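Take a look at the chain below. The report that follows starts with its strands, then turns to a helix, charged pairs and cysteines.

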Amino acid sequence: MIQKDLAEEYAIKEYKRLVNRAYIVKNNRSFTFDDIKAAFNAGRESVVENIPELKWRQVHYLGKETLNAYTLCASFKIEFSGMEFNVYCNYHFVASALSISFAKQAADNHYRRMVKQALGL
């Protein structure tokens with residue numbers, strides 16, 4: 001799959017929209033093509049930094065106690081198995097951990113990687 005450079009696409013569109021010159025003047029400030037690209041990329045990256053942690057809730061199902069968390073793109077589950085906690089994302093095994101806090105952190109890290117991949121970061 002070929003990934004578009006959304007920042008460059010946005011910068012070209014803004015460049016053409018405002019004025020056809022090497023820089024853009026707005027409120028007595030000059031902005032170059034690279035400035036626009038950098039601002040767009042910074043905004044895209046800030047989305048990942050501000051993702052809230054997963055919210056977990058306890059569920060009893062078929063005699064098992066699990067923790068579940070749901071997002072727009074995934075469902076996470078942590079279940080106790082043997083002497084460890086197994087983490088699943090969309091019913092696929094992600095990781096195992098020796099404590100519930102490490103399992104939650106593994107799920108959170110997996111979720112952040114999914115968002116970064118979706119944003120092309």
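Two strands pair if DSSP finds at least two bridges between them. Keep that rule in mind for a hairpin in this model, which is predicted.

**The hairpin**

Strand β3 covers residues 57–61, and strand β4 covers residues 64–70. Five bridges join them. The rule asks for at least two, so β3 and β4 count as a pair. The two strands run antiparallel. One of the partnerships links His60 to Glu65 in β4. Two residues lie between the strands of this hairpin. Leu62 takes a positive phi there, near 50°.

**The whole chain**

Now step back. The protein chain has three helices and seven strands. Along the sequence, the pattern reads α-β-β-α-β-β-β-β-β-α. The chain has 121 residues, and 27% of them count as buried. The accessible surface comes to about 9,100 Å². Carbon and sulfur atoms hold 54% of that surface. What about contacts across the sequence? Take those between residues at least 6 apart in sequence: 35% of them join residues at least 24 apart.

**Helix α3**

Helix α3 runs over residues 100–119. Does its length fit its residue count, or not? At 1.5 Å a residue, its 20 residues should span 28 Å. The C-alpha atoms at its ends are 29 Å apart, which agrees. Several residues of α3 are buried: Ala103, Ala106, Ala107, Asp108, His110, Tyr111 and Val115. Phe102 also sits in α3. Is Phe102 buried or exposed? Phe102 is exposed, because its relative accessible area is 59% and the cut-off for exposed is over 50%. Phe102 and Val87 are 15 residues apart in sequence. In space, their C-alpha atoms are 9.9 Å apart. After α3 comes Gly120, with a positive phi near 75°.

**Salt bridges**

Side chains of opposite charge can pair when their charged atoms come close. How many salt bridges does a search of the whole structure find? The search finds two. The table lists both.

| Salt bridge | N to O distance | Accessibility of the base | Accessibility of the acid |
|---|---|---|---|
| Lys77 and Glu79 | 3.4 Å | Lys77, 28%, partly exposed | Glu79, 12%, buried |
| Arg112 and Asp108 | 3.2 Å | Arg112, 21%, partly exposed | Asp108, 7%, buried |

Where does the bridge of Arg112 and Asp108 lie? Both residues belong to helix α3. They are four residues apart, so about one helical turn separates them.

**Cysteines**

How many disulfides does the structure hold? The count is zero. Cys73 is in no disulfide, and the nearest cysteine sulfur, in Cys89, is 7.3 Å away. Why is there no bond? A disulfide needs sulfur atoms within 2.5 Å, so the 7.3 Å between the sulfurs of Cys89 and Cys73 is too far. The two cysteines can also be placed by their exposure. Cys73 is partly exposed, with a relative accessible area of 44%. Cys89 counts as buried, at 5% relative accessibility.

Technical notes. Residues numbered from 1 in each chain as written. Predicted model: local features only at pLDDT ≥ 70, side-chain atom pairs only at ≥ 80, totals over all residues. Heavy atoms only, no water. Salt bridge = Lys/Arg side-chain N within 4 Å of Asp/Glu carboxyl O. Buried < 20%, exposed > 50% of the residue type's maximum accessible area, 1.4 Å probe, protein only. Expected span 1.5 Å × (residues − 1). Contact = heavy atoms within 4.5 Å. Areas by Shrake-Rupley, 256 points an atom, 1.4 Å probe, with all protein chains shown as cover.
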